[in-house]
Every structure is written in C-alpha cells, then in structure tokens.
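Biologist: I would like to go through some backbone and side-chain features. Please show the structure before we begin.

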Amino acid sequence: MQFDWKHPTVAMLGAYQPWTEDDTKTFCELVKKTKQVVIWVQEADKDVKRPMDFIFVRDNIQNELQHLGFNHEEEYVIQPVPYVTEFHAQRKGEYTTTAD
C-alpha cells in the first residue's frame, strides 16, 4: 500500500525531540482513524530545546515506528515544516484540532 496523497489524513505536529512513547501511542491511535498519518516536524533554531536536525529526528521516528510494523511512505510520511505558531484552516468544518 502506497501513501495516498488524496486520502483523508491525520497530521501530527511537533518538534519530537525526542520522539517519546506517548508520541508512539498517539500515532497508533491516529493511524486507526484514516489509515495514514503525516508527521510534521517543526524546524527551529538549534538552541538548547531543539538541538537535533530534521534528518536525525526523522530517522529516530522511522526506527521507532518500524519496530511496530509501520512502513514509511505507506502508513505515514514525515515532513519538515517551519516553526508553526498558528494554524489557519481554509473552511470551517473540514478540520478538527486536538492538543495534548
């Protein structure tokens, strides 16, 4: 099964430094909703809070999810995004938001 860019998808947004057991648990719950998840990794200045680069974070997430049988580019994709501080949806009702 290939990741379907036109299929409804759940998005996770965070720095994921580190990717935690709670993140894995959240992913497992979310992938059940739409069968695929996009993981948006926020990039920011490499300060004390976020010293790792995107490639390191991506590889760490892929390793954790691979151990559970999830395949990158199938059940999920990982993308870098800017340091997002606000999200605007084009139309009301198309999206729901949740926060931990």
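Modeller: This is a predicted model, and we take the backbone first, then one side chain, then surface charge.

Biologist: What should I expect of phi and of peptide bonds in general, and where does the loop between β1 and α1 hold a positive phi?

Modeller: Most residues other than glycine have a negative phi, and most peptide bonds are trans. In this model, Tyr16 has a positive phi, near 55°. Tyr16 sits in the loop between β1 and α1. With a relative accessible area of 10%, Tyr16 is buried.

Biologist: Which peptide bond is cis?

Modeller: The bond from Gln17 to Pro18 is cis, and its omega is near 5°. Pro18 belongs to the loop between β1 (10–14) and α1.

Biologist: What is the phi of Glu73, and where is this residue placed?

Modeller: Glu73 is not a glycine, yet its phi is positive, about 75°. Glu73 lies in the loop between α2 and β3 (76–81). Its relative accessibility is 33%, so Glu73 counts as partly exposed.

Biologist: Is Thr34 buried or exposed, and what does its side chain reach?

Modeller: Buried means under 20% relative accessible area. Thr34 has 14%, so Thr34 is buried. Thr34 is in helix α1 (residues 21–34). Its side chain reaches the backbone nitrogen of Val10 at 3.5 Å, and a polar atom of that side chain lies 2.8 Å from the backbone oxygen of Gln36.

Biologist: Which residues form the negative surface patch?

Modeller: The patch consists of Glu21, Asp22, Glu64 and Asp100. Glu64 is in helix α2 (residues 54–67) and is partly exposed, at 36% relative accessible area.

Terms used: Residues are numbered from 1 along each chain as its sequence is written. This is a predicted model: local features need pLDDT of at least 70, side-chain atom pairs count only at pLDDT 80 or more; totals for chains, interfaces and linings use all residues. Side-chain values use heavy atoms; hydrogens and water are left out. Patches are made of residues with over 30% relative accessible area and no salt bridge: like charges are joined within 9 Å, nonpolar side chains (Val, Leu, Ile, Met, Phe, Trp, Tyr) within 5 Å. Accessible areas come from the Shrake-Rupley method with a 1.4 Å probe; for residues, only the protein chains shown count as cover. A salt bridge is a side-chain nitrogen of Lys or Arg within 4 Å of a carboxyl oxygen of Asp or Glu. Lys and Arg count as positive and Asp and Glu as negative; His and the chain ends are not counted. The place of a charge is taken as NZ of Lys, CZ of Arg, CG of Asp or CD of Glu. Helices (H or I, at least four residues) and strands (E, at least two) are DSSP runs, numbered from the N terminus. Buried means under 20% relative accessible area, exposed over 50%, partly exposed in between (1.4 Å probe, protein chains only). A polar contact is a pair of N or O atoms within 3.5 Å; within protein, one must be able to donate a hydrogen and the other to accept it, and residues adjacent in sequence count only if both atoms are side-chain atoms.
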